[in-house]
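Please look through the sequence and the structure shown here before reading on. The paragraphs after it are meant to be read alongside the coordinates.

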Number of protein chains: 2
Amino acid sequence: MGTKKEQPPTLVGIVQSSDYCFGDAPEDALQLDCGRSLRGVNIRYETYGTLNADKSNAILVEHALTGDAHLAGFHSNTDRKPGWWDAQVGPGRPFDTDKYFIICSNILGGCSGSTGPSSIDPATGEPYRMNFPVITIADMVRAQKRLIDHLGIKKLLCVVGGSMGGMLACQWPILYPETVGSVAAIATAIQITAQSIAFNWVGREAIMADPGWNHGNYTEQPEKGLAIARMLAHITYLSDESMSNKFGRALQSTTDYSFNFGSDFRVESYLNHQGNSFVERFDANSYLYITRAIDYFDVSVKTNGDFRKAFEPVKCPFLVVSFSSDWLFPEYQSRTLTEILLENGNDVTFCNIQSGYGHDAFLLEYETLGKLMSGFLTNIEPEVKP
Amino acid sequence: MGTKKEQPPTLVGIVQSSDYCFGDAPEDALQLDCGRSLRGVNIRYETYGTLNADKSNAILVEHALTGDAHLAGFHSNTDRKPGWWDAQVGPGRPFDTDKYFIICSNILGGCSGSTGPSSIDPATGEPYRMNFPVITIADMVRAQKRLIDHLGIKKLLCVVGGSMGGMLACQWPILYPETVGSVAAIATAIQITAQSIAFNWVGREAIMADPGWNHGNYTEQPEKGLAIARMLAHITYLSDESMSNKFGRALQSTTDYSFNFGSDFRVESYLNHQGNSFVERFDANSYLYITRAIDYFDVSVKTNGDFRKAFEPVKCPFLVVSFSSDWLFPEYQSRTLTEILLENGNDVTFCNIQSGYGHDAFLLEYETLGKLMSGFLTNIEPEVKP
């Protein structure tokens, strides 16, 4: 999420993404929580390592709100930035490519290759835009299940995810208990707070208030609205402490206040940069749909708000990790998940990692988190056949 | 700030506001930190109680960002909402109108009677709009000093303020040490954090991104941008805890998700209401100027960042109050102020009030805060001559 901290060099090299398309036939369409269905669904994904003969070494990694299938490595020799969780992937790393077959897929509703609001609606030949159905985290998981079936994998060794990715990781064994061997739910929650719903609301309102949004029918991105939504969200990914350490009240280039409304403070320039670069890479309508799915996320929707009952079919072990300064997905939410799982008799490892990096810590504290994940994965399956 | 909590009935009755205009002559102009000056400055103010013969019973109360001079009571018999700190004002209350003469003035840059961006520039006969100079908290205090001089008050018994008002309260004795008998600085800071600068930045960007803002030259308010800024700010006035308690994930009127982008959740409707009602009462350009003044606030600007030295001329006693769940002006900022004052040998009372209401607690926890303020004021001057 843009905060710079020295990351180790990539071990993965050049990777290619793949596409899996399904649901062309009406009976094969993806049925959604809203009651609608989707046909001609594409799922963009990348894999790392080799699927073993009995297809028992697969790990599914779930990305966050604005992430994508590009988990690690480069797409070309001229790429400057590796995949979003590169530090965790490669020989000897937690997602050990010598042992495991790692899959990362862009979520349904996204804008990085998988079907989303910017995709062509096969029924009209036009982009869906705001005619795209309002999807849920469960719908995203249902789409991924088609991919996992397509790959011939009967059981995933682990589903791992941070932030929104952790929501998908938690939803997976509830929908498909037989398919999930274990879950690592990192910096996440089984329901977001009223405060987070509020921040998402303001972000979406900023996008939809931009006349360039044009009810979703833009040809150029609604760049001001989208940048505002991103800047706001970005504040919630950091912490008071990390912002104080990184920026404090330092001025950008002037030695004194400019006495105008430009970006005097370094933190203001930084946010501007975050906002502007986001506009270049992320679709505004996708942002609306995915934040709505996050708001709606509730695994207890079929059990009348009873979380213990929702997790009842889930027997697999969990790793639950929070970060001490994460105020977007606070520690108490991870504790709640842990308590539910313990009540249900699941094997749970919970750790609240001390970190000043806020929510971004799930990307930045890669060493501490990596050790936890390595240990967890090794315990799950000590003798993986490569 | 809109959060409902039962408040006691008003004791003040009908009040009228007054205006003091100064600076018509060039030599009388208000000199500002930016190097410019203002002429024909109006300050709107209200008073409660009676100024005693030796003018020694005056308390100046400073309002927050979007507050005004209307501290207590009603303006007319049809008024439904009393002044913003009504619970603290009246016979037997902390700001005891039987003992004290209470003054509250709308700040320079405001939009509730005092000169601000929406006022007429005497030099052009047109509203200032964005030609209004970028003012500072110190400039606001300088304008208030003219009012205090005009009222013939040589020394204020106390300057009291919460939030941004606390910044003015801290700035007062630094500029005019002889004029201030004591300070009550509540839910405030002597410098805002990078995180707060960031939130202010996003709010201003939302206003200025609204085409209706038109570089400040609007005839109708840029309502979407201003509402977005307000909704965002409003989240920072509450706490995760208070939002969970007040709204949780309750839905507004539907029994199930609507699967669209309207306000499904009660917290979304609430924010919408806050945003829309703000547009009716507060000028967008004023919001830009006042938040910038908050960003810029730094009492150490003349002492090269040395806060101890900045407070050196200040010998008066302080009451410093923070609230445990206030994350906009966290407890540690009040502790910093307290430590500086203690190092300087000031008489300081510090209290961190346990409250779940977030920053709004300075308005909502009126009983606990009132007892602290009563005790402090009584200690300062046990025998006030009415």
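What follows goes from the contact between the chains to the salt bridges, the nonpolar core and one loop residue.

The model is a predicted one, and every value below is computed from it. In the contact between the two chains, 56 residues of chain A meet 56 residues of chain B. The size of an interface is often given as the accessible area lost when the parts come together. For chain A and chain B that buried area is about 4800 Å², with 69% of it on carbon and sulfur atoms. Between these two chains there are also 24 residue pairs in polar contact, counting pairs in which both residues have pLDDT 80 or more. On the side of chain A that touches chain B, at least two residues each are supplied by helix H3 (194-209), helix H4 (223-237), helix H5 (240-246), helix H6 (266-281) and helix H7 (284-296) of chain A, and H3(A) gives the largest share, twelve residues. Sorted by class, that side of chain A holds 33 nonpolar, twelve polar and eleven charged residues.

The charged groups deserve a separate look. Six salt bridges run between chain A and chain B, while the count over all chains comes to 26. One of those between the chains pairs B:Asp264 with A:Arg292, whose closest N and O atoms are 4.0 Å apart. The two residues belong to a network of salt bridges that links A:Arg204, A:Arg292, A:Asp295, B:Asp264 and B:Glu268.

Within chain B, B:Asp295 takes part in two salt bridges, one with B:Arg204, where the closest N and O atoms are 2.8 Å apart, and one with B:Arg292, where they are 3.2 Å apart. The pair of B:Arg204 and B:Asp295 links distant parts of the chain, since B:Arg204 lies in helix H3 (residues 194-209) of chain B and B:Asp295 in helix H7 (residues 284-296) of chain B, 91 residues apart. B:Arg292 and B:Asp295, by contrast, both lie in helix H7 of chain B, three residues apart, or about one turn of the helix. Are these side chains buried or exposed? B:Arg204 has a relative accessible area of 1% and is therefore buried, B:Asp295 counts as buried at 0%, and B:Arg292 is buried as well.

A salt bridge in chain A offers another setting: A:Arg44 and A:Asp19 meet with an N to O distance of 2.7 Å. Because A:Arg44 lies in strand E4 (residues 41-48) of chain A and A:Asp19 in strand E1 (residues 17-22) of chain A, the pair ties together parts that are 25 residues apart in sequence. Here A:Arg44 is partly exposed, at 25% relative accessibility, and A:Asp19 is partly exposed too, with a relative accessible area of 42%.

Turning to the nonpolar interior, the largest nonpolar core has 200 residues, of which A:Ile103, A:Phe311, B:Ile103 and B:Phe311 touch the most other members. Leaving aside neighbours within four places in sequence, B:Ile103 is in contact with residues including B:Tyr45, B:Ala58, B:Leu60, B:Leu147, B:Leu151 and B:Leu156.

Finally, B:Tyr176 sits in the loop between helix H2 (164-175) and strand E8 (183-186) of chain B. Residues up to four places away in sequence aside, B:Tyr176 touches B:Val141, B:Arg142 and B:Lys145. The C-alpha atoms of B:Tyr176 and B:Pro313 are separated by 9.0 Å, although the two residues are 137 residues apart along the chain.

Note on methods
Residues numbered from 1 in each chain as written. Chains lettered and ligands numbered in written order. Predicted model: local features only at pLDDT ≥ 70, side-chain atom pairs only at ≥ 80, totals over all residues. Heavy atoms only, no water. Contact = heavy atoms within 4.5 Å. Buried area = accessible area lost by both parts, 1.4 Å probe. Salt bridge = Lys/Arg side-chain N within 4 Å of Asp/Glu carboxyl O. Polar contact = N/O pair within 3.5 Å; in protein donor to acceptor, adjacent residues only side chain to side chain. Helix = DSSP H or I, 4+ residues; strand = E, 2+ residues; numbered from the N terminus. Nonpolar A, V, L, I, M, F, W, Y, C, P; charged D, E, K, R; others polar. Core = buried A, V, L, I, M, F, W, Y, C linked by side-chain atoms within 4.5 Å. Buried < 20%, exposed > 50% of the residue type's maximum accessible area, 1.4 Å probe, protein only.
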